[in-house]
Amino acid sequence: MRVPAFTCFFPLLLGSAACVNTVKVVGGDTATGNDLDDDTADTNDSGDTGGADSDWHEFDGASLVILSPASGDFLPWSEDAEFKAEVHDADGNVMDFDDIGWTSDIDTAWGVTGTDVTDSTLDVGTHALTATAELPNGDRLAYTIGGVLVQSPYAGIYSGTLQVDLSYDTYAVACSGATTMTVDAYGETVTGDASCLLSLNGYDLDTAYVMEYENSDGTLSGTSGIDLGFYQYDIDTAGTLDTDGNMAASFTADLSGLGMTGTLDATRVTRDLSGS
């Protein structure tokens, strides 16, 4: 908000009067009620940095807006993303001003400069991004967006089933149980568990499984462990994972004549890892 202040001086001895009209930016954008400290939603704020040049009146009433990314956007980690912002004059026209700095509230080492920048170095996390412009007239403009999620396109929580088939001599049994899998924010490690109830010759056996895989560009490798309570038997496992959120893995083993085959299928239900 700009507040005109009139200061008049009346030197009595000289019998004359002099009056100075000054203008100072004393607060934020009162039209929107935005506050730069609020990093959870879009904000547009201004302040006075001092040293204003009276020859730069075309910047009076200017505003700053981020065009890309938007609040809540997902940006794949280590992939190019566009960071675009503009300074508008008081009439809403785009101004020729490109000295815009970008910062993150959680990745303090990150920063780029420009009105339209392509960058891939923002670290994983949920960011509030702020664009800032120091104008020639001394005004400081800032605009913040929140909830920008940066992580691997493979990352997230997956839900599905584990199918286990057992065969011994002429006997064959099978069970199916729910599984929950987690792919870490960098998309490198895959962990989870599952359980299913096997019925064999009148006996019910509640089996539990612990999965630990590594992901390399969509190829899974690792072990699926049968948790026997007192011992975990690990079976080599291979599978696939795609960026659309589909996971598949399988294993086979011969346990002293008891053949075992396991098949896991899961689908990503959320990218949110905050509760994992």
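These are legends for a set of close-up views of a predicted model.

**View 1. The whole chain, built from strands.** Start with the overall picture: the secondary structure of the protein chain comes to 19 strands and zero helices. The chain has 276 residues, and 37% of them count as buried. Its accessible surface adds up to about 14900 Å², with 50% belonging to carbon and sulfur atoms. If you look at contacts between residues at least 6 apart in sequence, 49% of them join residues at least 24 apart.

**View 2. Strand β10 and its two partners.** Here we zoom in on β10, which covers residues 125–134. Seven of its 10 residues are buried, so the rest of the structure largely encloses this strand. One partner is β7 (residues 100–104), which pairs with β10 in the antiparallel sense over five bridges. To find your way around that pairing, look for threonine 103, whose bridge partner in β10 is threonine 130. The other partner is β11 (residues 139–151), also antiparallel to β10, this time over nine bridges. A handy marker for this second pairing is glycine 125, which stands opposite valine 150 in β11.

**View 3. The β10–β11 turn, and a glycine further along β11.** β10 and β11 make a hairpin, with four residues between the two strands. In the turn sits glycine 138, with a positive phi of about 100 degrees. Follow β11 along and you get to another glycine, number 146. Is glycine 146 buried or exposed? Its relative accessible area is 5%, and the cut-off for buried is under 20%, so glycine 146 counts as buried. The C-alpha atom of glycine 146 is 9.6 Å from that of aspartate 105, and the two residues are 41 apart along the chain.

**View 4. Strand β12 between β13 and β19 pairings.** Now for β12, residues 156–168, which pairs with β13 (residues 171–183) in the antiparallel sense over 13 bridges. Within this pairing, leucine 166 stands opposite valine 173 in β13. The hairpin of β12 and β13 has two residues between the strands, and aspartate 169 takes a positive phi near 60 degrees there. β12 also pairs with β19 (residues 258–270), again in the antiparallel sense, over 11 bridges. Look for tyrosine 158 here: it stands opposite arginine 268 in β19.

**View 5. Serine 199 and what it touches.** Serine 199 belongs to strand β14, residues 189–200. Which residues does serine 199 touch, not counting those up to four places away in sequence? The answer is Val173 and Asp204. Valine 173 is 26 residues away from serine 199 along the chain, yet their C-alpha atoms are separated by 7.1 Å. Valine 173 is also the residue in β13 that stands opposite leucine 166. As for the surface, serine 199 has a relative accessible area of 42%, so it falls into the partly exposed class.

**View 6. The one cavity.** A search of the whole structure turns up one cavity of 30 Å³ or more. The space inside comes to about 60 Å³. Its lining includes Leu75, Pro76, Trp77, Phe83, Leu122 and Val150. Two elements, β5 (74–76) and β6 (81–88), give two or more residues to that lining. By type, the lining residues split into seven nonpolar, three polar and two charged. Val150 will be familiar from View 2, where valine 150 faced glycine 125.

**View 7. Backbone spots worth a second look.** Most residues other than glycine have a negative phi, and most peptide bonds are trans. Serine 78 has a positive phi of about 70 degrees, though it isn't a glycine. You'll find serine 78 in the loop between β5 and β6, and it is also one of the residues lining the cavity of View 6. Its relative accessibility is 45%, so serine 78 counts as partly exposed. Aspartate 217 is another non-glycine with a positive phi, near 50 degrees. This aspartate 217 sits in the loop between β15 (203–216) and β16 (219–227). With 71% relative accessibility, aspartate 217 counts as exposed. Finally, a cis peptide bond joins serine 68 and proline 69, with omega at about 0 degrees. Proline 69 lies in the loop between β4 (63–68) and β5.

Technical notes:
Residues are numbered from 1 along each chain as its sequence is written. This is a predicted model: local features need pLDDT of at least 70, side-chain atom pairs count only at pLDDT 80 or more; totals for chains, interfaces and linings use all residues. Side-chain values use heavy atoms; hydrogens and water are left out. Buried means under 20% relative accessible area, exposed over 50%, partly exposed in between (1.4 Å probe, protein chains only). Contact means heavy atoms within 4.5 Å. Two strands pair if DSSP finds at least two bridges between them. On a 1 Å grid over the protein atoms alone, a cavity is a set of points where a 1.4 Å probe fits but cannot get out, and a pocket is an open set with protein on both sides within 12 Å along at least five of seven lines; lining residues have an atom within 4 Å of a point. Grid points are joined across faces, edges and corners, and a volume is the space filled by probe spheres set on the points. Ala, Val, Leu, Ile, Met, Phe, Trp, Tyr, Cys and Pro count as nonpolar, Asp, Glu, Lys and Arg as charged, and the others, Gly among them, as polar. Accessible areas come from the Shrake-Rupley method with a 1.4 Å probe; for residues, only the protein chains shown count as cover.
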